[in-house]
Amino acid sequence: MKLEAPASSKEEKLHAFASRIAQIFNKNGDTASNASSKSPDLPEVLDTARLEVSETSCDEESSSGSFEDAMKTMESKDEGSEIPANLPSGIILDQLYLITPQDLNSLLFSPDSNFHRSVSELQGTTELKIGPWKFENSGESLKRGLTYVRAASKLVKATRGIEEQTYLKADGKVFAVLASVSTPDVPYGSIFKAELLYCITPGPELPSGEQSSRLVISWRMNFLQSTMLKGMIEGGARQGLKESFEHYINLLSQNVKTVDMKDLASNKEQVLATLQVVPQSDWKLAVQYFSNFTMLSTIFMGMYVLVHIWLSTPGMIQGLEFGGLDLPDSIGEVIVCGVLVLQGERALELISRFMQARAQKGSDHGVKAKGDGWLLTVALIEGSNLAAVDSSGFSDPYVVFTCSGKTKTSSIKFQKSDPQWNEIFEFDAMDKPPSVLDVEVFDFDGPFDDATSLGHAEINFVKTSLSDLGDIWVPLHGKLAQACQSKLHLRIFLDNTRGSNVVKEYLTKMEKEVGKKIRLRSPQTNSAFQKLFGLPPEEFLINDFACHLKRKMPLQGRLFLSARIIGFHGDLFGHKAKFFLLWKDIEDIQVVPPTLSSMGSPIVVMTLRPGRGEDVRAYARTQDSEGRLKFHFQSFVSFNVAHRTIMALWNARALSPEQKVQIVEEESEAKNLQLVEEEYEAKTLQSEDSGSYLGLEDVSMSLVYSSVLSVPTSFFMELFNGGELERKVTEGAGCLNYSQSPWEFDKADVYQRQIYYKFDKQISHYRGEVTSTQQRSPLSDGKGWLIEEVMTLHGVPLGDYFNLHLRYQVEDVPSRSTGCNVQVFFGLAWLKHGRNQKRIAKNILSSLQDRLRIMFAIIEKEFALGR
């Protein structure tokens with residue numbers, strides 16, 4: 001707030017009084033004699049002084065009548081100003097209430113309302129003083145002041161607050177109040193103010209006919225001086241506002257019934273019925289479109305030439321002229337003829353553009369969708385600040401929507417920078433929810449010219465809640481759009497007309513492509529899947545597979561597949577990864593044959609389209625010369641099933657329902673899978689009771705082997721060094737085709753490697769395979785080693801239900817020069833629930849103990865032979 005210079009002795013006395021108040025409340029002790037050094041605090045103190053003087057000099061004129069009169073005065077002075085935009089730091093509250101805007105405004109800001117005092121009591125605020133509403137600046141602005149002492153928090157002691165509330169707009173339907181709050185007693189409180197914007201607008205009419213109001217509270221920090229602590233101050237203010245407004249929101253919901261936006265979204269027919277396309281007369285559009293200098297000058301020159309021809313007589317034939325051909329007789333006439341030709345060409349071009357544009361009257365508007373499934377409805381309301389590309393200073397915009405390979409086009413609006421459409425577009429039913437909706441605004445340049453893009457945007461249904469799309473302003477991207485801050489007003493609805501049937505039918509089609517039964521996951525499983533990746537409630541899990549994400553070092557985890565995304569989650573030895581990709585962003589999927597580095601496992605390489613996946617770049621293996629990120633996945637428990645499922649979902653990423661059905665019908669019947677594989681793949685992913693994924697928490701380890709071996713620690717550690725001893729021990733323990741990667745540095749004193757081998761028939765008649773990750777680090781006292789290992793079994797029934805965790809702890813024995821104490825700990829990380837967990841654990845433990853005895857006996861034998 002700006003202060004006017006005192007114009008009278010009374011104002012000077014007031015100024016002096018304010019200065020004394022500043023000295024009293026200055027907690028830093030440096031009562032400034034320099035007025036400029038204290039200038040940031042002066043407005044707040046002077047506001048307090050004015051408030052106190054007002055309260056002591058006159059009675060409060062705060063009756064409901066005076067407040068209503070003030071609102072009527074504001075309404076009469078309103079000149080149709082725009083609704084203030086939300087403040088940039090964020091939205092604190094955005095809610096619909098079952099109340100009229102006038103009543104909500106009175107509840108929040110009327111002097112007779114006890115709402116503010118009730119909130120203050122809940123927040124622990126004391127010494128609240130509310131001044132009366134008064135017109136200032138010759139009646140141009142309506143303001144009031146508040147002072148209070150805010151309760152102490154964990155971080156800040158009790159502080160004095162000075163708040164000034166100003167009406168920015170009050171036209172009887174829309175009310176906007178800006179609150180400027182200063183807290184001079186807090187550290188650095190003199191260099192900033194917190195500003196809050198309360199915006200009350202009419203909400204949509206409810207099906208019951210009742211009127212609703214929308215309250216949006218946004219905020220920002222207004223820094224009066226530059227400071228390096230800006231980020232810290234904003235962070236503290238954000239947390240403080242979040243805590244203080246919890247009581248505000250709860251109390252308001254107790255006083256006024258809230259309206260659920262999801263309920264409004266479900267009643268989209270009533271909402272869209274309020275949209276009326278304004279009829280456009282061709283004659284009025286023609287007058288508006290052709291009212292420019294080009295057409296007016298062309299008409300004038302044409303009339304001028306016609307009048308000249310009518311008044312003049314034909315000239316005599318001379319030069320190279322002959323009957324019927326009259327050539328210019330001077331340079332001036334040549335120039336005039338050229339101007340006339342150019343003007344005529346330009347006029348014909350404008351007429352052609354107008355006729356073609358009127359032929360394109362938004363034929364997609366109002367066309368009903370066909371079929372049942374996921375129905376996408378887009379209401380194009382209006383545009384704001386669209387870029388001007390024509391010489392007239394306007395543009396001729398139209399909008400193109402693209403979703404799942406299908407497009408819808410709006411009508412063209414002539415000579416508009418803030419066009420109004422009110423058009424509704426429906427996309428035919430889809431058997432899975434769409435991933436994104438592409439929106440692009442073009443300027444119409446004629447039937448044969450390339451349209452100029454005025455901006456584009458992408459609506460991501462996976463990352464955005466459907467309730468937020470019910471009424472949204474979408475900012476446009478692109479050079480022209482960003483320069484003008486262009487945006488579109490849309491209302492988007494996505495409905496499932498077949499309930500769970502659409503999910504079941506989609507899974508049935510995928511089963512034919514994959515050649516395997518796919519279970520419909522439980523609500524608890526889907527809820528856990530959605531929570532894990534932050535997905536909307538309409539996303540459903542199709543399948544998941546254990547695998548490794550290959551980066552510098554492979555990371556073991558699980559790959560989750562749904563209709564719209566492919567996600568990975570891993571947490572091994574403190575290395576965490578969690579991300580997802582959209583199927584439509586994947587440009588190519590290839591399979592690389594097994595190599596030594598992949599531990600004998602095929603690698604699935606997913607290549608993204610250029611410019612996609614920038615937020616998950618850290619998890620990509622490589623990036624090619626065109627900027628496309630490549631993600632590598634390997635060591636699948638059931639590679640064939642995983643690969644077929646991945647390819648089926650990817651191939652169906654952008655096809656219409658008819659194309660997907662055709663693909664499914666053309667697919668040959670997949671071969672029958674083994675009965676045992678079908679049995680364990682049909683098990684549920686997780687506990688139906690807990691609804692959370694298993695195997696993501698720490699594994700409980702128990703001691704399964706402990707012995708003092710007659711070998712030194714250094715010789716025992718040769719078992720993990722990839723030498724001759726490791727080869728002999730693993731062969732003796734029934735490991736075939738054993739291979740290992742070299743130890744690679746991971747972090748301080750910690751190294752990591754990968755292992756691959758097959759079981760001998762004597763170990764497992766399934767001849768399964770093992771991929772393992774080992775981590776080696778010294779003990780804290782430096783007198784031994786710790787080897788941690790995570791094993792994944794492939795080709796073994798129920799092998800993807802669990803991971804094996806082993807821990808070898810090897811220590812020197814002080815009393816023996818050639819001895820080491822070896823302890824082996826064992827644990828199972830259950831990734832899925834099964835009925836036979838105890839039986840499986842008992843079987844694995846028995847086999848492990850036998851293998852350990854064999855391995856350690858071979859080590860002692862080799863050491864004795866070496867001596």
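Me: Contact means heavy atoms within 4.5 Å. On that basis, among contacts in the protein chain between residues at least 6 apart in sequence, what percentage join residues at least 24 apart?

Reply: The model is a predicted one. In its protein chain, 62% of the contacts between residues at least 6 apart in sequence link residues at least 24 apart. The chain has 867 residues, of which 46% are buried, and its secondary structure amounts to 20 helices and 33 strands.

Me: What makes helix α19 oblique to helix α20?

Reply: The axes of α19 (residues 724-732) and α20 (residues 837-866) cross at roughly 140 degrees and come within 9 Å. Angles over 145 degrees count as roughly antiparallel and those of 65 to 115 as roughly perpendicular. The crossing angle of roughly 140 degrees falls in neither range, and α19 is therefore oblique to α20. The crossing itself is right-handed.

Me: Which residues of α19 and α20 meet, and how do they divide by class?

Reply: From α19, Leu 725, Lys 728, Val 729 and Gly 732 take part, and they meet Ile 854, Met 855, Ile 858, Ile 859 and Glu 862 of α20. This contact comprises 6 nonpolar, 1 polar and 2 charged residues. Gly counts as polar, while Lys and Glu count as charged.

Me: Why is α5 also called oblique, in relation to α6?

Reply: Helix α5 (residues 115-123) and helix α6 (residues 230-255) have axes that cross at roughly 135 degrees, coming within 9 Å. Over 145 degrees would be roughly antiparallel, and 65 to 115 roughly perpendicular; a value of roughly 135 degrees therefore makes α5 oblique to α6. This crossing is right-handed. On the α5 side are Phe 115, Ser 118, Val 119, Leu 122 and Gln 123, which meet Ser 244, His 247, Tyr 248, Leu 251, Leu 252 and Asn 255 of α6. By class, the contact has 6 nonpolar, 5 polar and no charged residues.

Me: How do you know that strand β20 is largely enclosed by the rest of the structure?

Reply: A residue is buried when its relative accessible area is under 20%. In β20 (residues 565-572), 7 of the 8 residues are buried, so the strand is largely enclosed. On one side, β20 pairs with β19 (residues 555-562) in the antiparallel sense through 5 bridges, and Phe 560 stands opposite Gly 567. β19 and β20 form a hairpin, with 2 residues between them. β20 is also joined to β21 (residues 575-582) by 8 bridges, again antiparallel, with Ile 566 and Leu 581 as bridge partners.

Me: What makes β12 and β15 the edges of their sheet?

Reply: The open sheet consists of 4 antiparallel strands in the order β12-β11-β14-β15. β12 (406-409) and β15 (452-460) each have a single partner strand, so one side of each lacks a neighbour in the sheet. On average, neighbouring strands here are turned by 20 degrees against each other, direction ignored. The partner of β15 is β14 (residues 436-443), with 8 bridges between them; Val 439 is paired with Ala 457.

Me: Why is Asn 105 classed as it is, buried or exposed?

Reply: The cut-off for buried is under 20% relative accessible area. Asn 105 has 2%, and is therefore buried. Asn 105 lies in helix α4 (residues 101-109). Beyond four places in sequence, Asn 105 touches Phe 67, Met 71, Ser 110, Tyr 167, Phe 175 and Ile 200.

Me: How do you know whether Glu 538, a residue in a loop, is buried or exposed?

Reply: Its relative accessibility is 10%, and under 20% means buried; Glu 538 therefore counts as buried. The loop lies between α14 (523-533) and β18 (541-550). Apart from neighbours within four places in sequence, Glu 538 contacts Trp 374, Pro 433, Phe 461, Leu 466 and Arg 564.

Me: What makes the phi of Glu 127 and that of Gln 485 notable?

Reply: Most residues other than glycine have a negative phi. Glu 127 has a positive phi of about 55 degrees, and phi of Gln 485 is positive as well, near 55 degrees. Glu 127 belongs to strand β2 (residues 126-130), whereas Gln 485 is in the loop between α12 (479-484) and β17 (487-496). Exposed means over 50% relative accessible area; Glu 127, at 61%, is therefore exposed, and Gln 485, at 63%, is exposed too.

Terms used:
Residues are numbered from 1 along each chain as its sequence is written. This is a predicted model: local features need pLDDT of at least 70, side-chain atom pairs count only at pLDDT 80 or more; totals for chains, interfaces and linings use all residues. Side-chain values use heavy atoms; hydrogens and water are left out. Axes are lines fitted to C-alpha atoms, for helices over the stretch in contact, and angles run from 0 to 180 degrees between N-to-C directions. Angles under 35 degrees count as roughly parallel, over 145 as roughly antiparallel, 65 to 115 as roughly perpendicular and the rest as oblique. A crossing is left-handed if the near helix is turned anticlockwise from the far one by less than a right angle, and right-handed if clockwise. Buried means under 20% relative accessible area, exposed over 50%, partly exposed in between (1.4 Å probe, protein chains only). Two strands pair if DSSP finds at least two bridges between them.
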